[in-house]
Amino acid sequence: MKNFISDFPQFILNKNLAVISFDSGSMILTDEEISRGWKFENEVAYFEFLNLNELYGPIFSIYDQWFFLRTGARIKKSDIFVNYLGFTIDESNAKDLPNKDITKLFWKTIEEENVEKFILNGDLFSFGTKNKSEITRIKNLWI
């Protein structure tokens, strides 16, 4: 995750971040984070218009799940998918039926919550975006 963020900050800066999972659970905000604009609602930490100072602060670890939303949007319901052993966003790579069902639930959540981008840093790392040209640019830059 750290390499992706340092290599491609342009894809997530100035976006509205919802931290669904920080180190396998809720991101507990400090008074200082709250004073900088972080909000905590229904077990999710939010920061609107993510900037470099916040991005390079201590906001990521392992077993993190970030959703990027439109301005002012809030998550109604989301599992912490990164906590599932070997979770993958690719249903064809899911090892058994329960994992395939979890992957289906993930994509249903992405659609229902209108997630524009996501970063998952569990057993596997995944970045996804609705913007196909971003994926092409990342592939071209990372090769």
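Phe-118 is buried, at 4% relative accessible area; buried here means under 20%, exposed over 50%, and partly exposed in between, with a 1.4 Å probe and protein chains only. This is a predicted model, in which local features need pLDDT of at least 70 and side-chain atom pairs pLDDT 80 or more, while totals for chains, interfaces and linings use all residues. Residues are numbered from 1 along each chain as its sequence is written, and side-chain values use heavy atoms, without hydrogens and water.

Staying with that residue: which ring does Phe-118 pair with, edge-to-face? The partner is Phe-106, which is buried at 0% relative accessibility. Phe-106 and Phe-118 have 5.1 Å from centre to centre and 85° between the planes. For the terms, rings of Phe, Tyr and Trp (the six-membered ring for Trp) pair if their centres lie within 6.5 Å; planes under 30 degrees apart are stacked, over 60 edge-to-face, and the rest tilted. Phe-106 sits in helix 4 (residues 97-112) and Phe-118 in strand 5 (residues 117-121), so to speak of position, they are 12 residues apart and the pair links distant parts of the chain. Helices (H or I, at least four residues) and strands (E, at least two) are DSSP runs, numbered from the N terminus.

Both rings also belong to one aromatic cluster, made of Phe-81, Tyr-84, Phe-87, Phe-106, Trp-107 and Phe-118. In total there are 14 aromatic pairs. Another of them is Phe-4 with Phe-125, where the centres are 5.5 Å apart and the planes are at 45°, so this pair is tilted. Phe-4 is in helix 1 (residues 2-7) and Phe-125 in strand 6 (residues 125-129), 121 residues apart. Phe-4 is buried, at 2%, whereas Phe-125 is partly exposed, at 31%.

Next, the chain as a whole. It has five helices and six strands, in the order α-β-α-β-β-α-β-α-β-β-α. The radius of gyration is 15 Å, in agreement with the value near 15 Å for a compact globule of 143 residues. That radius is taken over C-alpha atoms, and the globule rule is 2.2 Å times the number of residues to the power 0.38. Along the principal axes, the C-alpha atoms fill a box of roughly 45 × 35 × 25 Å. Of the 143 residues, 41% are buried. Among contacts (heavy atoms within 4.5 Å) between residues at least 6 apart in sequence, 65% join residues at least 24 apart.

Now the charges. There are six salt bridges, a salt bridge being a side-chain nitrogen of Lys or Arg within 4 Å of a carboxyl oxygen of Asp or Glu. Glu-54 forms one with Arg-36, with the closest N and O atoms 2.4 Å apart. Glu-54 lies in helix 3 (residues 52-55) and Arg-36 in the loop between helix 2 and strand 2, so the bridge ties together parts 18 residues apart in sequence. Glu-54 is buried, at 4%, and Arg-36 is partly exposed, at 35%.

Arg-74 bridges to Glu-41, at 2.9 Å between the closest N and O atoms. Arg-74 is in the loop between strand 4 (64-69) and helix 4, and Glu-41 is in strand 2, so here the parts tied together are 33 residues apart. Both partners are partly exposed, Arg-74 at 26% and Glu-41 at 30%. Arg-74 also lies over the face of Tyr-46, 4.0 Å from the ring centre; the rule for this is NZ of Lys or CZ of Arg within 6 Å of the ring centre and within 35 degrees of the ring normal.

A bridge inside one helix is Glu-112 with Lys-108, at 3.8 Å from N to O. They lie four residues apart in helix 4, about one turn. Glu-112 is exposed, at 53%, and Lys-108 is partly exposed, at 45%. Elsewhere, shared partners join Glu-32, Arg-36 and Glu-54 into one salt-bridge network.

Which side chain of opposite charge is nearest to Glu-33? It is Arg-36, at 4.4 Å, and Glu-33 is buried with no salt bridge. Lys and Arg count as positive, Asp and Glu as negative, and His and the chain ends are not counted. Glu-33 is in helix 2 (residues 31-35) and, leaving out residues up to four places away in sequence, touches Met-27, Ile-28 and Trp-38.

Last, the backbone. Asp-23 has a positive phi of about 55° without being a glycine. Asp-23 is in the loop between strand 1 (16-21) and helix 2, partly exposed at 43%. Glu-43, also not a glycine, has a positive phi of about 70° and lies in the loop between strand 2 (39-41) and strand 3 (44-47).
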